[in-house]
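Open the model in a viewer and keep the sequence panel visible. The stops below are given in the order in which to select them.

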Amino acid sequence: MLTVTSTYQATVIVPADSQGPYVVNAGSPVTLSAGNTNPDATYLWDLGDGTSASTASVVHTYADDGVYIAKLQVTVNQPGGAVSRHFAIVKVRNVPPVVNAGADQIANEGDVVHFTGTFTDVEYPDTHTARWDWDDSQKPDVGVVTETHNPPKAEGTVTGKHAWGDSGTYTVTLAVRDEDGGVGRDTLTLTVLNVPPTVDAGPDIYAYPCTVITLTGRFTDPGWLDTHI
(Lines give C-alpha, C1' and ligand atoms only; values in the text may rest on other atoms or scores of the structure.)
Protein backbone atom coordinates (compact mmCIF):
# COMPACT_ATOMS: atom_id res chain seq x y z
CA MET A 1 0.00 0.00 0.00
CA LEU A 2 1.39 3.38 -1.05
CA THR A 3 0.54 6.54 0.86
CA VAL A 4 1.18 9.93 -0.76
CA THR A 5 1.27 13.00 1.47
CA SER A 6 1.30 16.50 -0.07
CA THR A 7 3.06 19.13 2.00
CA TYR A 8 1.47 22.05 0.08
CA GLN A 9 -1.91 20.62 -0.80
CA ALA A 10 -3.65 23.82 0.34
CA THR A 11 -1.46 26.11 -1.81
CA VAL A 12 -3.44 27.81 -4.57
CA ILE A 13 -2.56 27.34 -8.20
CA VAL A 14 -2.60 30.59 -10.19
CA PRO A 15 -1.05 30.14 -13.64
CA ALA A 16 -0.07 33.29 -15.54
CA ASP A 17 -2.40 34.16 -18.41
CA SER A 18 -1.74 37.44 -20.22
CA GLN A 19 -4.95 37.23 -22.31
CA GLY A 20 -3.34 38.36 -25.57
CA PRO A 21 -3.10 39.25 -28.33
CA TYR A 22 -4.05 42.92 -28.06
CA VAL A 23 -4.56 45.43 -30.91
CA VAL A 24 -4.69 49.18 -30.31
CA ASN A 25 -3.91 52.49 -32.02
CA ALA A 26 -0.78 54.32 -30.93
CA GLY A 27 -1.60 57.00 -28.39
CA SER A 28 -4.77 55.23 -27.23
CA PRO A 29 -5.03 53.36 -23.92
CA VAL A 30 -5.25 49.58 -23.87
CA THR A 31 -6.18 47.43 -20.87
CA LEU A 32 -4.00 44.37 -20.29
CA SER A 33 -5.52 41.94 -17.81
CA ALA A 34 -4.32 38.76 -16.17
CA GLY A 35 -6.76 35.95 -16.84
CA ASN A 36 -6.30 34.34 -13.41
CA THR A 37 -6.41 36.50 -10.30
CA ASN A 38 -6.07 35.61 -6.64
CA PRO A 39 -5.48 37.74 -3.52
CA ASP A 40 -2.57 35.49 -2.57
CA ALA A 41 -0.72 36.20 -5.83
CA THR A 42 1.34 39.16 -6.99
CA TYR A 43 1.58 40.33 -10.60
CA LEU A 44 4.37 41.95 -12.56
CA TRP A 45 4.04 43.22 -16.13
CA ASP A 46 6.93 44.06 -18.41
CA LEU A 47 5.03 46.01 -21.08
CA GLY A 48 7.72 45.78 -23.75
CA ASP A 49 8.41 49.51 -24.16
CA GLY A 50 10.58 50.01 -21.10
CA THR A 51 7.69 50.38 -18.64
CA SER A 52 6.28 47.99 -16.06
CA ALA A 53 3.27 47.57 -13.75
CA SER A 54 2.55 45.53 -10.63
CA THR A 55 -1.21 45.04 -10.77
CA ALA A 56 -3.29 42.24 -12.26
CA SER A 57 -4.86 44.70 -14.70
CA VAL A 58 -3.03 47.67 -16.19
CA VAL A 59 -4.13 50.47 -18.51
CA HIS A 60 -1.25 51.53 -20.74
CA THR A 61 -0.67 53.82 -23.70
CA TYR A 62 2.02 52.97 -26.25
CA ALA A 63 3.64 56.08 -27.67
CA ASP A 64 4.78 54.56 -30.97
CA ASP A 65 3.45 51.96 -33.38
CA GLY A 66 5.02 48.52 -33.63
CA VAL A 67 4.76 45.02 -32.20
CA TYR A 68 5.45 44.69 -28.48
CA ILE A 69 5.74 41.64 -26.22
CA ALA A 70 3.98 42.15 -22.88
CA LYS A 71 5.39 39.71 -20.32
CA LEU A 72 3.32 38.74 -17.28
CA GLN A 73 4.87 37.10 -14.21
CA VAL A 74 2.59 35.71 -11.47
CA THR A 75 3.99 34.72 -8.06
CA VAL A 76 1.87 32.77 -5.57
CA ASN A 77 2.66 34.08 -2.10
CA GLN A 78 1.97 30.89 -0.16
CA PRO A 79 4.33 28.16 1.04
CA GLY A 80 5.36 26.17 -2.00
CA GLY A 81 3.77 28.75 -4.32
CA ALA A 82 4.90 28.68 -7.92
CA VAL A 83 6.14 31.43 -10.21
CA SER A 84 4.77 31.34 -13.77
CA ARG A 85 5.10 33.57 -16.81
CA HIS A 86 3.01 34.19 -19.92
CA PHE A 87 3.58 36.50 -22.89
CA ALA A 88 1.13 38.48 -25.04
CA ILE A 89 1.64 40.16 -28.40
CA VAL A 90 0.51 43.80 -28.49
CA LYS A 91 0.05 45.17 -32.03
CA VAL A 92 0.12 48.97 -31.97
CA ARG A 93 -1.15 50.56 -35.18
CA ASN A 94 0.29 53.73 -36.71
CA VAL A 95 -1.85 56.86 -36.48
CA PRO A 96 -1.29 59.57 -39.13
CA PRO A 97 -0.80 63.18 -38.04
CA VAL A 98 -3.73 65.60 -37.85
CA VAL A 99 -3.09 68.56 -40.16
CA ASN A 100 -4.42 72.13 -40.35
CA ALA A 101 -3.38 73.92 -43.55
CA GLY A 102 -4.48 77.31 -42.22
CA ALA A 103 -7.20 79.79 -43.08
CA ASP A 104 -8.44 80.61 -46.59
CA GLN A 105 -6.64 83.55 -48.21
CA ILE A 106 -7.04 86.20 -50.91
CA ALA A 107 -4.06 87.49 -52.90
CA ASN A 108 -3.19 89.30 -56.12
CA GLU A 109 -1.70 87.40 -59.02
CA GLY A 110 2.07 87.59 -59.00
CA ASP A 111 2.27 88.23 -55.23
CA VAL A 112 4.34 85.84 -53.12
CA VAL A 113 1.93 84.35 -50.58
CA HIS A 114 3.25 82.94 -47.29
CA PHE A 115 1.61 79.95 -45.60
CA THR A 116 1.90 78.46 -42.12
CA GLY A 117 0.21 75.15 -41.39
CA THR A 118 0.20 73.13 -38.17
CA PHE A 119 -0.01 69.46 -37.21
CA THR A 120 -0.18 67.20 -34.19
CA ASP A 121 0.70 63.52 -33.82
CA VAL A 122 -0.19 61.27 -30.89
CA GLU A 123 2.99 59.31 -31.64
CA TYR A 124 5.19 61.98 -30.10
CA PRO A 125 8.55 60.30 -30.91
CA ASP A 126 7.81 60.44 -34.67
CA THR A 127 9.56 62.89 -37.00
CA HIS A 128 7.77 64.36 -40.00
CA THR A 129 8.18 65.70 -43.52
CA ALA A 130 5.71 67.89 -45.40
CA ARG A 131 4.73 69.01 -48.89
CA TRP A 132 2.67 71.89 -50.28
CA ASP A 133 0.66 71.29 -53.48
CA TRP A 134 -0.30 74.59 -55.12
CA ASP A 135 -2.99 73.41 -57.59
CA ASP A 136 -1.31 75.12 -60.55
CA SER A 137 1.17 74.14 -63.26
CA GLN A 138 4.15 74.45 -60.93
CA LYS A 139 5.56 71.50 -59.01
CA PRO A 140 4.80 70.99 -55.30
CA ASP A 141 7.29 72.34 -52.78
CA VAL A 142 8.80 70.72 -49.71
CA GLY A 143 7.49 72.38 -46.55
CA VAL A 144 9.82 73.66 -43.86
CA VAL A 145 8.98 71.66 -40.71
CA THR A 146 9.59 72.82 -37.15
CA GLU A 147 8.43 70.36 -34.48
CA THR A 148 8.61 69.32 -30.84
CA HIS A 149 8.40 65.81 -29.38
CA ASN A 150 7.00 66.20 -25.89
CA PRO A 151 4.41 63.80 -24.43
CA PRO A 152 1.56 63.35 -24.99
CA LYS A 153 1.91 64.40 -28.66
CA ALA A 154 4.27 65.82 -31.23
CA GLU A 155 3.40 69.30 -32.45
CA GLY A 156 4.74 71.17 -35.45
CA THR A 157 4.42 73.97 -37.97
CA VAL A 158 5.00 73.86 -41.72
CA THR A 159 5.82 76.98 -43.71
CA GLY A 160 5.85 77.59 -47.43
CA LYS A 161 5.50 80.35 -50.02
CA HIS A 162 4.28 80.56 -53.59
CA ALA A 163 3.13 82.95 -56.33
CA TRP A 164 0.40 82.35 -58.91
CA GLY A 165 0.69 83.51 -62.51
CA ASP A 166 -3.02 83.83 -63.21
CA SER A 167 -6.18 84.77 -61.38
CA GLY A 168 -8.57 82.08 -60.22
CA THR A 169 -9.55 79.92 -57.28
CA TYR A 170 -7.00 77.35 -56.13
CA THR A 171 -7.11 74.52 -53.59
CA VAL A 172 -3.84 74.47 -51.68
CA THR A 173 -3.07 71.12 -50.02
CA LEU A 174 -0.71 70.52 -47.11
CA ALA A 175 0.36 66.88 -46.63
CA VAL A 176 2.37 65.81 -43.56
CA ARG A 177 3.99 62.37 -43.48
CA ASP A 178 5.26 60.63 -40.35
CA GLU A 179 8.33 58.40 -40.27
CA ASP A 180 6.16 55.27 -40.51
CA GLY A 181 4.41 56.35 -43.72
CA GLY A 182 1.18 57.72 -42.26
CA VAL A 183 -0.03 60.83 -44.11
CA GLY A 184 -2.43 63.51 -42.90
CA ARG A 185 -3.82 66.18 -45.27
CA ASP A 186 -5.76 69.40 -45.13
CA THR A 187 -6.67 72.05 -47.69
CA LEU A 188 -7.37 75.76 -47.87
CA THR A 189 -8.88 77.89 -50.64
CA LEU A 190 -6.78 80.64 -52.19
CA THR A 191 -8.56 83.26 -54.31
CA VAL A 192 -6.14 85.00 -56.68
CA LEU A 193 -7.38 88.34 -58.00
CA ASN A 194 -6.60 89.68 -61.46
CA VAL A 195 -4.29 92.71 -61.63
CA PRO A 196 -4.51 94.94 -64.72
CA PRO A 197 -1.32 95.59 -66.64
CA THR A 198 0.73 98.73 -66.07
CA VAL A 199 1.14 100.61 -69.36
CA ASP A 200 3.72 103.13 -70.58
CA ALA A 201 2.73 104.74 -73.89
CA GLY A 202 6.17 106.28 -74.32
CA PRO A 203 7.41 109.90 -74.23
CA ASP A 204 5.59 112.83 -75.79
CA ILE A 205 6.58 113.35 -79.44
CA TYR A 206 6.28 116.06 -82.12
CA ALA A 207 5.53 115.43 -85.78
CA TYR A 208 4.81 117.32 -89.01
CA PRO A 209 1.35 117.05 -90.54
CA CYS A 210 0.86 114.09 -92.88
CA THR A 211 4.04 112.47 -91.58
CA VAL A 212 3.96 108.79 -90.64
CA ILE A 213 5.09 108.24 -87.06
CA THR A 214 5.91 105.06 -85.15
CA LEU A 215 4.59 104.66 -81.63
CA THR A 216 6.12 102.12 -79.23
CA GLY A 217 4.48 101.45 -75.87
CA ARG A 218 5.38 99.03 -73.12
CA PHE A 219 3.46 97.19 -70.43
CA THR A 220 4.06 94.84 -67.53
CA ASP A 221 1.64 92.41 -65.87
CA PRO A 222 2.28 90.49 -62.62
CA GLY A 223 0.04 87.74 -64.01
CA TRP A 224 2.79 86.26 -66.14
CA LEU A 225 0.45 83.69 -67.66
CA ASP A 226 -1.94 86.30 -69.02
CA THR A 227 -2.12 87.08 -72.74
CA HIS A 228 -2.92 90.56 -73.99
CA ILE A 229 -4.37 92.52 -76.89
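Which residues of the largest nonpolar core touch the most other members? This is a predicted model, and in it the answer is Leu32, Trp45, Tyr62 and Val90, out of a core of 23 residues. Select those four, then colour the elements that give two or more residues to this core: strands S1 (22-25), S2, S3 (41-46), S6 (66-76) and S7 (83-93). S6 gives the most, with five residues. Another core lies apart from this one; it has 18 residues, including Ala107, Val158, Leu174 and Val176. In soluble globular proteins, nonpolar side chains tend to be buried together.

**Strands S2 and S5**

Go back to Leu32 and show its partner across the strands: Leu32 stands opposite Val58 in S5. S2 (residues 29-33) and S5 run antiparallel and are joined by five bridges. Now show the side chains of S5, residues 57-61. Val58 and His60 make up the covered face of S5, while Ser57, Val59 and Thr61 are on the uncovered one.

**Tyr170**

Next, select Tyr170 in strand S15 (residues 168-178). Is Tyr170 buried or exposed? Its relative accessible area is 11%, so Tyr170 counts as buried, the cut-off being under 20%. Display what surrounds Tyr170: beyond residues up to four places away in sequence, Tyr170 touches Trp134, Asp135, Asp136, Trp164, Leu188, Thr189, Leu190 and Val192. A distance label can go between the side chain of Tyr170 and the backbone oxygen of Asp166, which lie 2.9 Å apart. For a sense of scale, label the C-alpha atoms of Tyr170 and Ser28 as well; these two residues are 142 residues apart along the chain, and the C-alpha atoms are separated by 36 Å.

**Asp221**

The last stop is Asp221, in the segment after strand S18 (218-220). How far away is the nearest side chain of opposite charge? That side chain belongs to Arg218, at 16 Å, and Asp221 has no salt bridge although it is buried. Look instead at the polar neighbours of Asp221. Its side chain makes a polar contact with the side chain of His228 at 2.7 Å. A polar atom of the Asp221 side chain also lies 2.9 Å from the backbone nitrogen of Gly223. To complete the view, add the residues in contact with Asp221, leaving aside neighbours within four places in sequence: Glu109, Val195, Pro197, Asp226 and His228.

Technical notes. Residues are numbered from 1 along each chain as its sequence is written. This is a predicted model: local features need pLDDT of at least 70, side-chain atom pairs count only at pLDDT 80 or more; totals for chains, interfaces and linings use all residues. Side-chain values use heavy atoms; hydrogens and water are left out. Buried means under 20% relative accessible area, exposed over 50%, partly exposed in between (1.4 Å probe, protein chains only). Two strands pair if DSSP finds at least two bridges between them. Lys and Arg count as positive and Asp and Glu as negative; His and the chain ends are not counted. A salt bridge is a side-chain nitrogen of Lys or Arg within 4 Å of a carboxyl oxygen of Asp or Glu. A polar contact is a pair of N or O atoms within 3.5 Å; within protein, one must be able to donate a hydrogen and the other to accept it, and residues adjacent in sequence count only if both atoms are side-chain atoms. Contact means heavy atoms within 4.5 Å. A nonpolar core is a set of buried Ala, Val, Leu, Ile, Met, Phe, Trp, Tyr and Cys residues joined through side-chain atoms within 4.5 Å.
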